[in-house]
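Trainee: Could we go through the side-chain contacts in this one together? I would like to start with the cysteines and then move on to charges and rings.

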Amino acid sequence: MRLTRLAVKKFVARFFDASSFRTSLTSDDDGKTFHLVINLEDLATRRHVDEDPASRNADPDVIQELLNSVHQTRAPQTGASSSHMRPTSRKSSAKRATAPASYGPPPNKRQKIEEQETIPKVSYRARPSTLPPHPKDKPNRNQRRKQNHVRHMKEDAETFQAEDLQAEALPATTTWWMGTNFPSYSAAQIRAAHASPQGIGHHLSGITLVPYLNKATRFLDSQGRMLIYRSKITDNVRERLDDFIKEAKAFVKACTPMTEDDMAANRRGRHWFCIAGADRNNKSAPAFSKWHKDNEHHIKHFFRPGTAFAFFNGLASAMAEDHFPGIARRYKTCHEYMRDKYGITTPFGLFFNWCLNAPRLGVKRVHCDPHVDFKNIALGICIVFVYGVFNFREKAWLVIWEAGVCLELPPGVFLLYPSSLFFHFNIDRIQIVTTSNGERPTPENSEPLCRPEDVSEEDWEAGNGRGSVVWFNQASMFQTSETGHETLQIARRKGHSGNADGEKLLGEDEVFPDEVRHGRTIL
């Protein structure tokens, strides 16, 4: 490194104390070029405590070693019964723990949850299934068929209830419209580990692994309210999976692609994606997205009756109605408002938005990076459907951070959960890398022992790697329909509080159904 004498002095003064640094300066014969010899251990330590976050180390392993060497620790986290829980008062003055002045970034006012780099340890207990009571009146034939179907499905279900997780404590905004983003510094550390060959295991100690056992799976909070539902793969779903893969590939080929910049900037991964439907984000009134307008004729064609797209689309909304009826009612009310006032209807059932995530050239599978869909409606659900060919026993499990669980999601599974309230991402349970000279693996010197997708070359070339579909609703649509005004600013000027009624939604409206209290069937 060649520097002027002034630059060398500034560099030394920035990173080292005059009394303790171990460096030496030598000059060439011309007396103009100086060489700086630095002890790298000292440099790393000084960078670790530097006031400028851009100068700090980003490798989580290095950070932990340096924490030990300079005798610093994270500030203790506060909360109720577990480290991930926010205060239940929902007041805007709620504070999260902050790091010492010499370590970590300043607190972000928008983020009201604590910095956290280790997944919360949430305790679960298995609950016995509750069969529906027999009706007092003799059921007709259709009712008997439905009851028999419910009982059959009930036999193939499992339920887990958390002991220290409450819906009210999940990180929503104080207005209850949407979720909050994950603390930026913690997210950066987790994303760095997620992308490294060493993996993210040290962030996930204590996580609960939940394999798919050919049963539906439900996760309840400590009050017995269902927050997460993973479906069973039924025969009619399994029969249509190949058709869906073919239609998905044809859809990707027919539609206007996102730009390389769009895909590179996508926090969820670098795969092919689209966002169809309507929203009111950064708009004065609800409207369809530009991508939807440009590809509307393709959307109508692929969602026509009889297609696999139409089949799975209808199944997604039916599941929402069956398992989250309170949320389904809220969604229907919003759709009716948008139809009557703005003439907006979508082909996506209960949802205004639909997203296809697909493999593409150079990206052989959909493998989502850590993120929160915080602009989605908070007290609602999104639905994820998984398709494709991949080793689902080991690859692309889904971590749901605040719930402390990691779920196996094989092709054909639907997952219903409030994605705006959970930090989530895909991981591989097994990832083995090799180095040419036996050194400790780093992103630069290692490569996977096997392809991460673990599928055949033919499947790779055919585009059959892992993909997913997401149905969701954004908070901005409900801000308009539930206040009766196009924007929150207008609503507040007209005397509205500008808030959603979170207490009513969580209480009598039961957006997260209380199966234990009602004794309903658990599917």
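Mentor: Let us fix one term before anything else: a residue is called buried when its relative accessible area is under 20%. Please also keep in mind that this is a predicted model.

Trainee: OK, so is C382 buried or exposed?

Mentor: C382 has a relative accessible area of 3%, so it is buried, and C334, with a relative accessible area of 1%, is buried too.

Trainee: And how many disulfides does the count come to?

Mentor: The count comes to zero disulfides.

Trainee: Switching to charges, how many salt bridges are there?

Mentor: The count comes to 14 salt bridges. One of them joins the side chains of R365 and D428, with N and O 2.8 Å apart.

Trainee: Where do R365 and D428 lie?

Mentor: R365 lies in the loop between strand 11 (353-358) and strand 12, whereas D428 lies in the loop between strand 16 (424-427) and strand 17 (433-435), so the bridge ties together parts that are 63 residues apart in sequence. R365 is buried at a relative accessible area of 11%, and D428 is buried as well, at 16%.

Trainee: Which residues are joined into one network by shared partners?

Mentor: Those are E168, D221 and R225, which are joined by salt bridges that share partners.

Trainee: What about bridges within a helix, say the one between D243 and R240?

Mentor: Those two both lie in helix 6, three residues apart, which is about one turn of the helix, and their closest N and O atoms are 3.4 Å apart. D243 counts as partly exposed at 32% relative accessibility, and R240 also counts as partly exposed, at 22%.

Trainee: Which ring does R240 lie over?

Mentor: R240 lies over the face of F311, at 5.3 Å from the ring centre. In another such contact, the charged end of R466 sits over the ring of F390, 5.7 Å from its centre.

Trainee: Then rings against rings: how many aromatic pairs does a search of the whole structure find?

Mentor: The search finds 31 aromatic pairs. Among them are F244 and F385, whose ring centres are 5.4 Å apart and whose planes stand at 80°, so this pair is edge-to-face. F244 belongs to helix 6 (residues 235-254) and F385 to strand 12 (residues 382-387), 141 residues apart, and the pair thereby links distant parts of the chain.

Trainee: Are F244 and F385 buried or exposed?

Mentor: Both F244 and F385 are buried. F302 and F309, which are both buried, form a tilted pair, with 5.8 Å from centre to centre and 45° between the planes.

Note on methods. Residues are numbered from 1 along each chain as its sequence is written. This is a predicted model: local features need pLDDT of at least 70, side-chain atom pairs count only at pLDDT 80 or more; totals for chains, interfaces and linings use all residues. Side-chain values use heavy atoms; hydrogens and water are left out. Rings of Phe, Tyr and Trp (its six-membered ring) pair if their centres lie within 6.5 Å; planes under 30 degrees apart count as stacked, over 60 as edge-to-face and the rest as tilted. Helices (H or I, at least four residues) and strands (E, at least two) are DSSP runs, numbered from the N terminus. Buried means under 20% relative accessible area, exposed over 50%, partly exposed in between (1.4 Å probe, protein chains only). A charge sits over a ring if NZ of Lys or CZ of Arg is within 6 Å of the ring centre and within 35 degrees of the ring normal. A disulfide is a pair of cysteine sulfur atoms within 2.5 Å. A salt bridge is a side-chain nitrogen of Lys or Arg within 4 Å of a carboxyl oxygen of Asp or Glu.
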